[in-house]
Amino acid sequence: MKNKILIAAFLIFNFSFLIRSNAQCDTIASVCAKHIMAPFISDGQQYRALLLADQNAEFHTTFYGGGTYRIAACTGLKDGNLIFSVFDEERNLLFSNKDVKNAPYWDFKVNSTLDVILEAALSGAQSGCAVVLIGFKQ
């Protein structure tokens with residue numbers, strides 16, 4: 001009986017942590033969405049990960065040739081707390097916002113279709129929700 005109570009308490013604690021984490025990520029996604037503004041429209045995807053200070057999140061996507069894109073990356077309620085990098089599929093670095101003072105977004109034009117890896121890491125925080133959004137010009 002005692003083991004069942006401990007298991008139930010453990011499950012309730014973890015479930016409540018997940019609910020709070022999702023609420024935190026929802027708030028951050030709303031803040032980050034402010035960077036995807038006209039003339040850009042969202043691709044409808046939200047790339048999210050709960051990170052510790054020593055972790056990176058990795059997301060894969062495709063950018064289509066001739067398109068102009070905006071990548072917005074956020075954690076917390078202020079800009080500049082998330083480092084994001086864009087690599088081609090051979091892991092050649094194409095861009096890192098670390099080189100531009102952790103800018104919260106980056107615009108670029110793709111000449112030919114390109115599969116990319118988006119990598120996100122916290123800048124100074126011990127833990128947090130990393131949110132990456134992608135917008136494109138119509």
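How many helices and strands make up the secondary structure of this chain? One helix and eight strands. Before going on, a reminder that this is a predicted model. Reading from the N terminus, the order of elements is α-β-β-β-β-β-β-β-β, so to speak a short list to remember.

Some overall values next. The chain has 138 residues, and 40% of them are buried. Its accessible surface is about 8400 Å², with 57% belonging to carbon and sulfur atoms. If we take the contacts with a separation of 6 or more, 78% of them are between residues 24 or more positions apart.

Now the interior. In general, nonpolar side chains in soluble globular proteins tend to be buried together. Here the largest nonpolar core has 22 residues. The members that touch the most other members are Phe59, Phe63, Ile71, Leu118, Val132 and Ile134. As for where this core comes from, at least two residues each are supplied by β1 (40-52), β2 (56-63), β3 (68-74), β4 (82-88), β7 (114-122) and β8 (127-137). β7 gives the largest share, four residues.

Apart from this core there is another one, of 11 residues. Ile28, Cys32, Ala72 and Cys74 are among its members.

Let me finish on one residue, Val132. What does Val132 touch, if we leave out residues up to four places away in sequence? On that count, Val132 touches Gln46, Tyr47, Phe59, Ile71, Ala72, Ala73, Leu118 and Ala120. Of these, Phe59, Ile71 and Leu118 were on the list of core residues that touch the most other members, and Ala72 was named in the other core. That is what I have on this chain.

Key
Residues are numbered from 1 along each chain as its sequence is written. This is a predicted model: local features need pLDDT of at least 70, side-chain atom pairs count only at pLDDT 80 or more; totals for chains, interfaces and linings use all residues. Side-chain values use heavy atoms; hydrogens and water are left out. Buried means under 20% relative accessible area, exposed over 50%, partly exposed in between (1.4 Å probe, protein chains only). Contact means heavy atoms within 4.5 Å. Accessible areas come from the Shrake-Rupley method with a 1.4 Å probe; for residues, only the protein chains shown count as cover. A nonpolar core is a set of buried Ala, Val, Leu, Ile, Met, Phe, Trp, Tyr and Cys residues joined through side-chain atoms within 4.5 Å.
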